[in-house]
Amino acid sequence: MDYRILGKTGLKVSVVGFGGIPLNNVPMNDAVKLVNRALDLGVNFFDTARCYGQSEEKMGEALKSRRNECYIATKSLERTKKDIIKELDTSLRNLKTDYIDLYQIHDLRKPEDYSTVMSPGGALEAVLDAKKEGKIKHIGVSSHQPTLIVQAVRTGYFETVQIPYNIIDFELFQDVLPVANGLNMGIIIMKPFSGGLFKDASKALRFVLSHPITTVIPGMASVNELEENVKVCENASVLTEAELEQLKKEADRLGKDFCRRCGYCLPCPQGIDIPTVFRYERYFDSYYQEAWAREQYEWLPIKADECIECGKCESKCPYELHIKEKLKSAHKKLI
Ligand code: SF4
Ligand code: SF4
C-alpha cells in the first residue's frame, strides 16, 4: 500500500481510504469482517458520518480492538455550536473511541450554512473547543459546492478538505486543488465513481490518483470491491492516452444530466431542498440504499410534490437540468 501525508495534519494515510456510506446496508457481522479485511490490506483511513445511518456504529464495532492501527474520520451536518457538540458525543459513542482523528463540518451547501458555521455560536467554535479538549485531533470540511468550499478552504481553519472528484465533475472543482495544496491541506476525494455511475473502477480511481490529492475514499460494501480497489490503488499507473479517451467516452455516454448539488438553483420559493431530493434519489438508484433513501426523504419537511413549476430553479441551474420533471420522478421513487 502507498501512503501519503494528509497535509498539515501530518497523518500518514493510505492512498485508498474506506468510504463508509455503504456500511449502513451491510449486516453487522459482514461489516466487521469487511473493515478488518481493509485493515489487513493496509487501508488505515476510515471515513464515515453521523448521517450515514448505522455506518458509525458498524465501523466502531469493527475498529474498537484495532484503534491504534487506523485513523477515523467522521462528519456532521449540524451548523451550530450546541447542535454539533451533541453530534460529536454521539459519534464518539458510536465509534467506541475517546477521540476522532479527523472531524469534518459536512456538506456545506448554502451561503447561510457557511455563515452560521463560521459565526460566533457556530459549529466551528465547537470543533475548535473539542480539539483543545482532545476529543478531536484535526478539523476538516466537506462540500459539493465549488464556490463555498474554496471560501472555507481559504479561511485557514481547516486542515483537510473533502470534495467529489471524477472525470465528469473535475472541472467544477479544479480551483480547489491548487488553493488547498497551497495551504498544505489534506485532500480527500469522495465519489470517484460519480455516485456509482462508473463501472470501470480501475480507470476511475487511476484518473483521480493522477491529480495532486491525498487519498480517495470509494464507498465499499463487499470484500470483492475492497480488494479490487486496493489492487488498483496499490499499482496505480498513470492512465494512457487511450485509456483516458475510453474514460471520456464513458463519461459522454453517461451524459451530464444529473444533479451535482452545487446549490445554485436555491432558494426555491416553495422551500424545496432540490439538491437534497436528488441526493436521496442518487442513493436510491446507485448505492442500493432504497430503504434508507426513503426514510431520509420522509424526514424532509417539504417534499418535491410541493413544486408549483415556477421554473425559477431551472433558470439558475448551470447544468440546464429539467428540474421540474426530475423532481416528479424522484418523488415517485422516494415516497
Ligand atoms: S420550479 Fe418547483 S422546485 Fe423549481 S423553484 Fe419553482 S417551485 Fe421550486
Ligand atoms: S439542480 Fe442544478 S443547480 Fe440545483 S444543485 Fe443540482 S446541479 Fe446544482
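This report describes the domains, the sheet, two unusual backbone sites and two enclosed or open spaces of one protein chain.

The model is a predicted one, and its domain assignment divides the protein chain into domain 1, covering residues 3–246, and domain 2, covering residues 274–334. Taken over C-alpha atoms, the centres of domain 1 and domain 2 are separated by 24 Å.

**The sheet and a helix across it**

An open sheet of eight strands, paired in parallel, follows the order E3-E4-E5-E6-E7-E8-E9-E10. Its edges are formed by strand E3 (18–19) and strand E10 (215–216), each of which pairs on one side only. Further inside that order, strand E8 (residues 160–164) is joined to strand E9 (residues 186–190) in the parallel sense over five bridges, and Pro-164 has Met-190 in E9 as its bridge partner. Helix H3, made of residues 81–94, lies across three strands, namely E5 (71–76), E6 (100–108) and E7 (136–143), and runs at about 135 degrees to E6.

**Two backbone sites in loops**

The loop between H3 and E6 contains Lys-96, a residue other than glycine whose phi is nevertheless positive, near 55 degrees. A second site is found in the loop between helix H10 (241–254) and H11, where Pro-267 lies; Leu-266 and Pro-267 are joined by a cis peptide bond, with omega at about 0 degrees.

**A pocket lined by both domains**

The second largest pocket has a volume of about 460 Å³. Of the 19 residues that line this pocket, Arg-109, Lys-110, Asp-113, Asp-273 and Thr-276 lie nearest its centre. Helix H4 (111–118), helix H11 (274–286) and helix H12 (290–299) are the elements that each give two or more residues to the lining of the second largest pocket, and H11 gives the most, with three residues. Domain 1 (3–246) and domain 2 (274–334) each supply at least three residues to the lining of this pocket.

**A cavity with cysteines nearest its centre**

There are three cavities of 30 Å³ or more in the model, and the second largest cavity has a volume of about 70 Å³. Its lining consists of 13 residues, and those nearest the centre of the second largest cavity are Cys-268, Ile-272, Cys-307, Cys-310 and Cys-313. Two elements, helix H13 (312–316) and helix H14 (323–334), give two or more residues to the lining of this cavity.

The table sets out the linings of the two spaces by residue class.

| Space | Nonpolar | Polar | Charged |
|---|---|---|---|
| Second largest pocket | nine nonpolar residues | three polar residues | seven charged residues |
| Second largest cavity | eight nonpolar residues | two polar residues | three charged residues |

Read together with the residues named above, the table shows a pocket lining with seven charged residues, where Arg-109, Lys-110, Asp-113 and Asp-273 are among the residues nearest the centre. The lining of the second largest cavity, for its part, has eight nonpolar residues, and Cys-268, Cys-307, Cys-310 and Cys-313 are among the residues nearest the centre of that cavity.

Technical notes: Residues numbered from 1 in each chain as written. Chains lettered and ligands numbered in written order. Predicted model: local features only at pLDDT ≥ 70, side-chain atom pairs only at ≥ 80, totals over all residues. Heavy atoms only, no water. 1 Å grid on protein atoms, 1.4 Å probe; cavity = no way out; pocket = protein on both sides within 12 Å on 5 of 7 lines; lining within 4 Å. Points joined across faces, edges and corners; volume = space filled by probe spheres on them. Helix = DSSP H or I, 4+ residues; strand = E, 2+ residues; numbered from the N terminus. Nonpolar A, V, L, I, M, F, W, Y, C, P; charged D, E, K, R; others polar. Domains from an automatic or database assignment. Pairing = 2+ DSSP bridges. Contact = heavy atoms within 4.5 Å. Axes fitted to C-alpha atoms, helices over the stretch in contact; angles between N-to-C directions.
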